[in-house]
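Please consider the following structure. The questions below concern strand pairing, burial and confidence.

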Amino acid sequence: MNNEVTYYFPCQRWLAVEEDDGQLSRELLPVDESYVLPPSEDEGAGGGGDNNPLDNLALEQKDKSTTFSVTVKTGDKKNAGTDANVFITLFGTQDNTGMTLLKSSKTNSDKFERDSIEIFTVETLDLGDLWKVRIGHDNTGKAPGWFVDWVEVDAPSLGKCMTFPCGRWLAKNEDDGAIVRDLFHAELQTRLYTPFVPYEIILYTSDVFAAGTDANIFIVIYGCDAVCTQQKYLCTNKREQKLFFERKSASRFIMELEDVGEIIEKIRIGHDNTGINPGWHCSHVDIRRLLPDKDGTETLTFPCDRWLATSEDDKKTIRELVPYDIFTEKYMRDGSLRQVYKEVEEPLDIVLYSVQIFTGNVPGAGTDAKVYITIYGDLGDTGERYLGKSENRTNKFEKGTADTFIIEAADLGVIYKIKLRHDNTKWCADWYVEKVEIWNDTNEDEFLFLCGRWLSLKKEDGRLERLFYEKEYTGDRSSNCSSPADFWEIALSSKMDDIDIATVTGPMADYVQEGPVIPYYVSVTTGKHKDAATDSRAFVLLIGEDDERSNRIWLDFPRGKKGFSCGSVEEFYVAGLDVGIIKKIELGHDGASPESCWLVEELCLAVPTQGTKYTLRCNCWLAKDRGDGVTSRVFDLLDAMVVNIGVKVLYEMTVWTGDVVGGGTDSNIFMTLYGINGSTEEVQLDKKKARFEREQNDTFIMEILDIAPFTKMRIRIDGLGSRPEWFLERILLKNMNTGDLTMFYYGDWLSQRKGKKTLVCEMCAVIDGEEMMEWTSYTVSVKTSDILGAGTDANVFIIIFGENGDSGTLALKQSANWNKFERNNTDTFNFSDMLSLGHLCKLRVWHDNKGIFPGWHVSYIDVKDNSRDETFRFQCDCWLSRSEGDRQTLRDFACANNEIRDELEETTYEIVIETGNGGETRENVWLILEGRKNRSKEFLVENSSRQRAFRKGTTDTFEFDSVYLGDIASLCVGHLAREDRFIPKRELVWHVKTITITEMEYGNVYFFNCDCLIPLKRKRKYFKVFEVTKTTESFASKVQSLVPVKYEVIVTTGYEPGAGTDANVFVTIFGANGDTGKRELKQKMRNLFERGSTDRFFLETLELGELRKVRVEHDSSGYYSGWLVEKVEVTNTSTGVATIFNCGRWLDKKRGDGLTWRDLFPSV
């Protein structure tokens, strides 16, 4: 008062529930008195609006304040809603908002009802970092009690959205009786994004008749490189729509939107065409924003002077505008205000695009629904445009017709993508789009989009919206990503090699991290307790050796699914840092309220690149108010059950679909790979949304057994779906570790009607331009025995096995004999254009047991390789019948041409030792080989000055005579000082990098990846043990093991209620030498697989070698098909070796993960 200083606090805002943002209180900032003094007489209004100095302060005041969007969730409990007056206080590190009444909800007029979500706006000055929320009510009304689930506070200007869990009552008669609670944010639920910035948007309505509108106006602002804001409606309620946008007026809005960068290239304005008078004539638009250093502002003017009306001009309600001039006001260092006016240099051109849409010429292709299109270019997009008026037809989108539409937009640059959709209205809504052509009428550029898809809820995949890419486009298609698995796949791909992780934005930012990334499979079983389920977001964190940790890996569900339900088994495909050998795993969730409890029964982690799967029986609560009160827990994998699932190598697979009409497919696609070191099982290629479409190349990640170099690939489609045919051009495999490339060429149809009229193809691997296999043809002669009832009416199939893999399933259909497989007849079948299998070793033959007389007694089968002019005989002399012999209809036979030798007693081993650069030695080295059958004596390699070994970076080869050891499993290596040699105090080490052992008689190779420093010792009790890393079995060795063997299969059914099954059960046993094929487990006059029962079966097949996996499955038939399998035990009756495969899981479509098959592995 003594200094006579007057402070002015302008407001110019409503304090009303029904107006503005609904706030009843506001915080004000002082301004200079010049802003509140009346303007001089010579200052007039312009542009149809008042030139009030206070109006120019709105943008700056918005920048100095923080607008919070407060979302309050009322619980889904009886009487959870409240009639009381609710208030909230936000606490920051510098200040708080004081008590703020939550009166004006943006979502519901009747606020805080059961299971409702309310959104409010709270505007305040800088609070600092928000850390607490106080929420309560005044306990008035008929039902004041209130159950609050959570409160979410979003601050766009800070780029932070924070969740404050509650999960408690605010009621005098519930819980602890409190009606006010302090809530603290859950750090794991905090979401960060790019902060918004304030924009002042002034829209000038023209001075023409009926220029004003009652419609709701929206705006989108575009910067460079297609960066844009969300589409934002300017009015918040119907009342504002009536007040603004009147004839000859200026409508001003201050709002926070995404930062589009330094340059604004264009804006899009439009309206929803609602209200009594929706038509609008816009004169121009001004957008003002702060300069980057906030020392001034810039105003961009966007001329329009066009109608946005369905009854005027070109009848469009959307316009794209480009800036004409920029007016900049900047405060200089001396305090003066510098004003600069300039025209925009080289603005985007406004272009007319001709869009021609071809409706297919197939039955029911036309549509009566409303169709919308969005066009994307490298400079931006058009937004969604309604295709209302066709330039050449009255009745649009009819079968076999082409409709042309004109779309006006700012120059999009190179167009690469479109989005088509319809609203599924009218009687005939289904629509088949053949193709879309787009012309730029200014520079005559043409863009072609090959579609060939239905937009229909009833056909194909039932989608009404599709993305299509330009015919020549080869860039990124990650916009097709919709599920977390899609983003994880991109994180693993080679696309990320040259990308700076720090620059990744958008949804992809949550899926990338520094360092080598590998895939993981996580499976979580939730307990069956009534409170076991949770809607919280779960995560895992992996801890390796030397405490190396991955980032927190979130277990996110695909869109539309949320939470872990009671008794559910949820599986996730994720990627994370390669931490080496995993020692511990942390499992937790982001729930912080008392009700976000979770009972975890079991946790499984599979690491395909290490070939290991860990299973932990947890049976613990992750909850604030259960168990020990923690929501995350670290599990030691020493307590886990470990199984070997086979080491996989990551490959990037690129599939080219041909440029022919109808070349894309909806069928399921299956792949089998063959290599020098074995073959893979048949795996299905995931189609995702838009893979395997016409003239398209699709790249994705595959995990493949380490069998390279590859020799061939088999591709099969099932011929199902609305498009059962596929034109396959070629396939490329790229090793993600080594970069090795393998190409497979085909260039023909997989179809029952076109091309070769087959659904299966085999492609020879091409490496460095050289084909890895030769082509041949086979003649198969089948002799049916001369005994009573030997002939069959069933359909017969075979698979031929050789040193280069197998032939796949061959149906014996076309024979010279009209009636095939009759008693004492020989039937001949020819198979041309097949990849050579080399020397043959095994034949699998079976029939489908159909026909009047399906039983069959086969004498022998001859297979002739016509290019080698060599015939291989497979002696059979047995029944394939459900009613004769051992009642098996599938059998494996060894080739009679191959000599079975007696087991070796002694042999020679070649040992190749590679010394690394980490240390060489002049001392001695000793080795002992551990085999499946025997253990070798010590092999001592003596170093001498004359014959020096184990130098840095060198490879040394030795030969070692020993008793035959069988398959080598491990290796003991010691570093021994020579006699009477002085050993210095400092430690001397030898760096052994790799050791390769070859058994010379059969040619089996055993590779040990050691990469270890072995210290020099004087005694032999100090040594290192290495497990075999990779085994390559020779063809000669495989032949020796192909002798008939009976396996006893014991299946134990669980004890839980309903554990037994009435379905037909099948089993496939996999070993080092192959598999048994799918065998049905059946016994005459016995009720099998009952609760708590143990059932025994005998399967005869050729020796499988070491058992690696058992697949057990059923066909879901019968009244009670669900089945709880406890374990499967398989015993080789010739050796007495038993292998146990534990399961303990349901095979039931209605329980757990819903699978009716399981792959079981022996425990490590």
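Q: Over how many bridges do β67 and strand β69 (residues 1079-1080) pair?
A: This is a predicted model, in which local features need pLDDT of at least 70, side-chain atom pairs count only at pLDDT 80 or more, and totals for chains, interfaces and linings use all residues. Residues are numbered from 1 along each chain as its sequence is written, and side-chain values use heavy atoms, without hydrogens and water. Strands are DSSP runs of E with at least two residues, numbered from the N terminus, and two of them pair if DSSP finds at least two bridges between them. β67 and β69 are antiparallel, and the number of bridges is two.

Q: Which residue in β69 stands opposite Phe1066?
A: Phe1066 points from β67 the other way from Val1065, and both are buried (under 20% relative accessible area, 1.4 Å probe, protein chains only). Its opposite residue in β69 is Glu1080.

Q: Which residue in β68 stands opposite Gly1071?
A: β67 and strand β68 (residues 1074-1075) pair in the antiparallel sense over two bridges. They form a hairpin with two residues between them. Opposite Gly1071 stands Gly1074.

Q: Which residue in β71 stands opposite Val1065?
A: Strand β71 (residues 1107-1114) runs antiparallel to β67, and seven bridges join the two. The partner of Val1065 there is His1114.

Q: How many residues of strand β67 (residues 1065-1071) are buried?
A: Val1065, Val1067, Ile1069 and Gly1071 point one way, whereas Phe1066, Thr1068 and Phe1070 point the other way. The strand is mostly covered, and the buried residues number seven of seven.

Q: What is the average pLDDT of the protein chain?
A: pLDDT is the predictor's confidence in each residue, from 0 to 100. In this chain 95% of the residues score at least 70, and the average is 89.

Conventions
Buried < 20%, exposed > 50% of the residue type's maximum accessible area, 1.4 Å probe, protein only. Helix = DSSP H or I, 4+ residues; strand = E, 2+ residues; numbered from the N terminus.
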